[in-house]
Amino acid sequence: MKCRELAEFLLDYVSGELPEENRSHFELHLSRCRNCREYLVQYEGCVKAGRIACGEMSDELPADVPEDLVKAVLAARKLDPSS
Amino acid sequence: MGSAIPVDDEAGLITQLRAGDESAYEHVVRTYGGRLLAVTRRILGSDEDARDVVQDAFLNAFRSVNRFEGNSKLSTWLHRIAVNAALMKLRTRKRKPEQSIEALLPAFLDDGHHEERFQSWDEPVDQAMERAETRQLVRAQIDALPESYRTVLVLRDIEGLDTEETAKMLGLTVNATKIRLHRARQALRSLLAPHLAGAGPGKAVS
């Protein structure tokens, strides 16, 4: 397996979906190639970073929902004949 | 401000919503509005569109609260409604021509090796992400991804939907969804690497 193929299999590998035969080739290449090991670490790192930066506990979330949104939703609901 | 309904008493909350209890509606908007605004803004890249979509999503949810079966959590259900509304908005909105992602994908030599020699990041990602400025940087780079890639990344890696569900929501095949997610992650890596290796934030550069 070459670095190019390894890169193609990354998504399946990290989600545990790479078939056994490919996985052993993948891991053999990985054991011999520092550059691909580094790439794998960074690829997984990005998934994690996205989750932390934008996930449920993210510090981008406003402490309070904008007051005008709360008012607009509640007002519109009252006017909504089907709710 | 707000009401004293504990978030973990979902069954009670649902009952109050169905009974038309005004304070229950307000509680839901205050509790979940922030997260819904964040995810729809990430998909749409616009505060104004996100606000409109979240407002519609709440109204839609309140209208169909009788159909909420309680198989999923209320927050999950609200997220699905808001994400669907955001995707619908994307489809109707005038499309900007999308920049190509090719330049952000890894390049290979003729013999199949990577062209680039990847430089290790300065610290483990968990540690880097402890800094607010790094979290901000990651959000900015996700927002910089081309729209069709950003959307898949948001649904899969941030919202945590599975591939089948993401594919269905986007009207793509499972395979196309996987390819797009893979490219989105690779592109994000290319965008983040220069900031996290060598002279990352917080590092003294001489």
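Colleague: Which residues of α2(B) does α4(A) meet?

Modeller: In this predicted model, α4(A) brings Leu69(A), Val70(A), Val73(A), Leu74(A) and Arg77(A). They meet Tyr25(B), Glu26(B), Val29(B), Arg30(B) and Gly33(B) of α2(B). By class, the residues of this contact are 6 nonpolar, 1 polar and 3 charged.

Colleague: Many of those numbers step by three or four. Why do residues three or four places apart point the same way in an α-helix?

Modeller: An α-helix has 3.6 residues a turn, so residues with that spacing share a direction. Look at Leu69(A), Val73(A) and Arg77(A) in α4(A), or Tyr25(B), Val29(B) and Gly33(B) in α2(B).

Colleague: At what angle do α4(A) and α2(B) pack?

Modeller: Read the angle and the axis distance together. Here the angle is about 140°, and the axes are 10 Å apart. Because of that angle, α4(A) counts as oblique to α2(B). Roughly antiparallel would need over 145 degrees. For the hand, α4(A) makes a right-handed crossing past α2(B).

Colleague: Now α3(B). How does α4(A) pack against it, by angle and by distance between axes?

Modeller: The angle is about 40°, with 10 Å between the axes. This angle makes α4(A) oblique to α3(B), because roughly parallel applies under 35 degrees. The crossing of α4(A) past α3(B) is right-handed.

Colleague: Which residues make the contact of α4(A) with α3(B)?

Modeller: From α4(A) come Leu69(A), Ala72(A), Val73(A), Ala76(A) and Arg77(A). From α3(B) come Arg51(B), Val54(B), Gln55(B), Phe58(B), Leu59(B) and Phe62(B). Sorted by class, they are 8 nonpolar, 1 polar and 2 charged.

Colleague: How many residues does α3(B) have, and how far does it reach?

Modeller: For a helix, compare the end-to-end reach with the expected one. Helix α3(B) covers residues 47-63, 17 in number. From first C-alpha to last it spans 24 Å, close to the 24 Å expected.

Colleague: Which residues of α3(B) are buried?

Modeller: Burial is a count of neighbours. In α3(B) the buried residues are Ala50(B), Val53(B), Val54(B), Ala57(B), Phe58(B), Leu59(B), Ala61(B) and Phe62(B). They pack against α4 (67-79) of chain A, and within chain B against α1 (10-18), α2 (22-44) and α4 (74-92).

Colleague: Asp49(B) is in α3(B) too. Why is Asp49(B) not counted as buried?

Modeller: Because Asp49(B) has 17 other C-beta atoms within 10 Å, and buried takes 20 or more. Asp49(B) is therefore partly exposed. Setting aside residues up to four places away in sequence, Asp49(B) touches Leu44(B) and Lys89(B). Its C-alpha atom is separated by 9.9 Å from that of Arg93(B), 44 residues apart along the chain.

Colleague: Step back to the two chains. How many residues does each give to the contact?

Modeller: Chain B gives 43 residues and chain A gives 39. On the chain B side, α2, α3, α6 (132-143), α7 (147-158) and α9 (174-196) each supply at least two. The most come from α2(B), with 9 residues. This side of chain B has 22 nonpolar, 8 polar and 13 charged residues.

Colleague: And chain B as a whole? How many helices and strands does it have?

Modeller: Chain B has 9 helices and 0 strands. Its C-alpha atoms fill a box of roughly 65 × 40 × 30 Å along the principal axes. Of its 206 residues, 38% are buried. To see how chain B folds back, check sequence separation. Among contacts with a separation of 6 or more, 66% join residues 24 or more positions apart.

Technical notes
Residues are numbered from 1 along each chain as its sequence is written. Chains are lettered from A and ligands numbered from 1 in the order in which they are written. This is a predicted model: local features need pLDDT of at least 70, side-chain atom pairs count only at pLDDT 80 or more; totals for chains, interfaces and linings use all residues. Helices (H or I, at least four residues) and strands (E, at least two) are DSSP runs, numbered from the N terminus. The expected span of a helix is 1.5 Å times one less than its number of residues. A residue is buried if 20 or more other C-beta atoms lie within 10 Å of its own, exposed if 12 or fewer, and partly exposed in between; C-beta atoms are placed from the backbone. Two residues are in contact if their C-beta atoms, placed from the backbone, lie within 7 Å. Ala, Val, Leu, Ile, Met, Phe, Trp, Tyr, Cys and Pro count as nonpolar, Asp, Glu, Lys and Arg as charged, and the others, Gly among them, as polar. Axes are lines fitted to C-alpha atoms, for helices over the stretch in contact, and angles run from 0 to 180 degrees between N-to-C directions. Angles under 35 degrees count as roughly parallel, over 145 as roughly antiparallel, 65 to 115 as roughly perpendicular and the rest as oblique. A crossing is left-handed if the near helix is turned anticlockwise from the far one by less than a right angle, and right-handed if clockwise.
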